[in-house]
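Student: I should like to work through this structure by question and answer. Please show the sequence and the coordinates before we begin.

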Amino acid sequence: MKERPVLDVSKLPLHGMGTASPAWWGTCTFMLIEGSAFGLAIAVYFYLMSLAPHWPPDAPPPDLFAGTCLTVLLLASVVPNVLVSRWAQQRKLGRVRIGLIVMSLCGMAPLAFRIFEFPAQHVSWDESAYGSIVWTILGLHTVHIITDLIDTLVLACLMFSRHGDNIRRYGDVEDNALYWNFVVIAWLPLYACIYWVPRL
Amino acid sequence: MMIEQRASAATDVDLDDAELDRELDRTWAARTSFWGAIATVDHKVIARRYIATAFVFLVLGGLLALAMRIQLAQPEARFIDAGRYNQIFTVHGSNMMFLFAVPVMEAMAVYLVPLMVGTRNIAFPRLNAFSYWIFLAGGILLWISFALDTAPDVGWFAYVPLSGPEYGAGKRADIWAQMITFTELSALAVAVEIVVTVLKQRAPGMSLDRIPLLVWSMLVMAFVVIMAMPAIMFESSTLIMDRLVGTQFYNPAEGGDVLLWQHLFWFFGHPEVYIIFLPAVGMVSTILPTFVQRPIFGYLPVMMALIATGVLAFGLWVHHMFVVGLPRLGESFFTASSMAIAIPAGVQIFCWLATLWSGRPIFKTPLLFVIGFIITFVIGGLTGVMVASVPFDAQVHDTYFVVAHFHYVLIGGAVFPLIAGIYYWFPKMTGRMMSERLGRWAFWLIFVGFHLTFFPMHILGLQGMPRRIYTYQPEMPWGGLNLLISLSAVILSSGFLVFFIDVARSWSTGRPAGQNPWNASTLEWAMNSPPPRYNFRRIPVVDTRDPLWSGSDELPVASGLRTDRRELLISSVVEALPEARESSPRDSVWPFWAAIATSIMLIWSIFSPWAIVWGSIPIAITLIGWFWPKGIAEDES
């Protein structure tokens, strides 16, 4: 077919930010997948609860200390996370570098508390279905923290390399921050489920 | 100033068509070596591999079906023993669902969606390459285990406790579960690509109400995959955990529940049917208008029906569990919702009939298969409404009636449209037409063979023949019909044989197709056949639902894209207004290595939980290699 140019796109940017970036949409789609998985885990938790004569079965409710500290830490990490995202939007390389180092630490610190969350459940994964689902939820969320931590570490290295000062990287930083927010928000219903539902 | 000049010199503005083709060819070229073939990220090449691999699995699964038919042709046959028979029907079902039907439909999307929305490659093309290798690895895992006599033998839905640690000795059930993980991982990856391609890479002007119906169906399918597949991945992982590290999810003695398995499985399993069926009806809604040479009747109702089907798909799963003793109210609800899904299906069927009625049908092979689909699917849909009723289902559950029903909806509802789609798009994919004469032979053999094979199964089911039995006694009144079915299966297979012969012959000696042999209306017919690596010399600009039927022999296009890097257009979600020029990744071997690392981890984790820890390290390394910028033009912003 003969082609007739009717539109000139040569003035468009070479890379879109935010909703004009496929990577942003890809991140959202992955969050939808992960969100479905977390939702299912919660559904399984309540399903097993509905079958049990009392809940939690043969164990006291989990200790609150480690889990609550982790929750507070995660919530607090949202502040630097939002700041990094904003700096990335403004393309401030120096601040983004520092922010990513801070966010790497914010990814490591919760893991220290997470280690103590497992024994705080007073049940092993192989003792009962209750233990299995609680350990699975904790494990599933831990995998998300670790994944985002590695992502943040690699991004931090990238921003210190010659590839750092590039709109594309700033977009990556924003998407990474978006994903961390998801990891934090997804934890809240899981936390309520694991720690407070047994106390109802 | 220098930079600006260079940038303007590398766009397509001042180039004539031949020069532009040459420039784009260079930018989008793949290396012609072994590693070049491994590294390719061209959606068309990957889709062709996907389709070819899926059809190989179809043939293998078909051979298993024939083996079962030989065994069942007469009472107390000795062709296959009971244990092997269990493996055969398990592998047949798992293979057809997870290694053929879903992948082949997604592969059609991978091939067609970028072409139909007018872009140069799928979104996340490296993820696409990764997904193919993962799919291949999952398929090889299942079939090697079958060859080694260690294949799963617990049925394609692997109900616990049969598949649990107590009864499922060895690694058979683990292989089933991990094959699931492989194929769902690849399906989820493709779903992400389809969603982003459809939402963000449409040609300027292709607003939501101008998207071709096939693309709509693939979009809905992708969302269904995203919402449904996590359930089965959760399930396959927890099954392996129950078997390997002693979790108690499915052990009633420790507070677990076997019905939890069925809920999770069918929460995925019923949408799975629509994951297969939605692309098929999308194909029908695309092929039908071409062969009556008029736009589809009722674009909007058909599109709404696709979305409604996708939503309702999640409200039906319990109808697979009517005999397990659930509360009556729940059963009534799921009966109602199961019958409700007949409404969007009916809307589409009436729109297709109206399209046929108001045009002049041209009875070429693709249209024959489409009509075969409508007839077969209506029969399958009717038995679907029957088994949606609890008292009826209680009678025929686990009998050949159900086997007949789901083969009618899956083969009639998906494979017929798929073959129509192959006949229809083969000219685009290869540049050559398939044979009309062999196509008619294939259609009539498959159509007649199919109905002779599967219709009598309804009667066998009503006579009480259970599914999954490896033999039956001569006193049972089933022998005659079983022999008829087995003989008819030969007719059906010969139809497929003719189809494959046609594909092989036409591939090398078919009549050249040209750009648009069917005079179709959608964008994939606007370029040469097979399409060049970059799909579109210039990105088309769309102002109608049927861009190639606008009455003009000119294609409105956008100019100003760069030619020195792989570049395509990003547009807004609703109106498809251009937002940015985005680069599309170059070829890379990293997705292949990432898939190898992932496969090692997944297979290792059947044997040791530590595989998750140690196996993740190579995956992380390959992913870093994959994403680390290489300082090329595609990285500019």
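Student: Which residue follows α15(B), and what is its phi?

Tutor: The model is a predicted one. In chain B, helix α15 covers residues 400–430. The residue that follows α15(B) has a positive phi, near 85°, and is Gly431(B).

Student: Where in helix α15 of chain B does the kink lie?

Tutor: The bend amounts to about 40°. The proline Pro427(B) comes shortly after the site of the kink, which is Tyr424(B).

Student: How many of the residues of α15(B) are buried?

Tutor: Burial here requires 20 or more other C-beta atoms within 10 Å of a residue's own. By that criterion α15(B) is mostly covered. Of its 31 residues, the number buried is 28.

Student: Is Gln463(B) buried, exposed or partly exposed?

Tutor: Gln463(B) is found in the loop between α16 (436–462) and α17 (479–509) of chain B. A residue is buried at 20 or more neighbours and exposed at 12 or fewer. Because Gln463(B) has 14 C-beta neighbours inside 10 Å, its class is partly exposed.

Student: With which residues is Gln463(B) in contact, leaving aside its neighbours within four places in sequence?

Tutor: One partner lies 14 residues away along the chain, and its C-alpha atom is separated from that of Gln463(B) by 7.9 Å. Contact is judged on C-beta atoms, with a limit of 7 Å. The partners of Gln463(B) are Pro477(B) and Trp478(B).

Student: How many residues does the contact take from chain B and from chain A, and how many of those on the side of chain B are charged?

Tutor: The contact takes 54 residues from chain B and 45 residues from chain A. Elements of chain B that each supply at least two residues to that side include α7 (172–200), α8 (213–244) and α19 (610–627). By class, the side of chain B has 31 nonpolar and 11 polar residues, and the number charged is 12.

Student: Which residue of β1(B) stands opposite Glu3(A)?

Tutor: Strand β1 of chain A, residues 2–8, runs parallel to β1(B), and six bridges join the two. Opposite Glu3(A) stands Leu555(B).

Student: Why is chain A said to be more spread out than a compact globule, and what is its radius of gyration?

Tutor: Chain A has five helices and one strand, and its C-alpha trace spans about 70 × 45 × 25 Å along the principal axes. The globule rule gives 16 Å for 200 residues. Chain A is well over that value, so it is more spread out than a compact globule, with a radius of gyration of 21 Å.

Notes: Residues are numbered from 1 along each chain as its sequence is written. Chains are lettered from A and ligands numbered from 1 in the order in which they are written. This is a predicted model: local features need pLDDT of at least 70, side-chain atom pairs count only at pLDDT 80 or more; totals for chains, interfaces and linings use all residues. The bend at a residue is the angle between axes fitted to the seven residues ending there and the seven starting there. Helices (H or I, at least four residues) and strands (E, at least two) are DSSP runs, numbered from the N terminus. Two residues are in contact if their C-beta atoms, placed from the backbone, lie within 7 Å. Ala, Val, Leu, Ile, Met, Phe, Trp, Tyr, Cys and Pro count as nonpolar, Asp, Glu, Lys and Arg as charged, and the others, Gly among them, as polar. Two strands pair if DSSP finds at least two bridges between them. The radius of gyration is taken over C-alpha atoms; the globule rule is 2.2 Å times the number of residues to the power 0.38.
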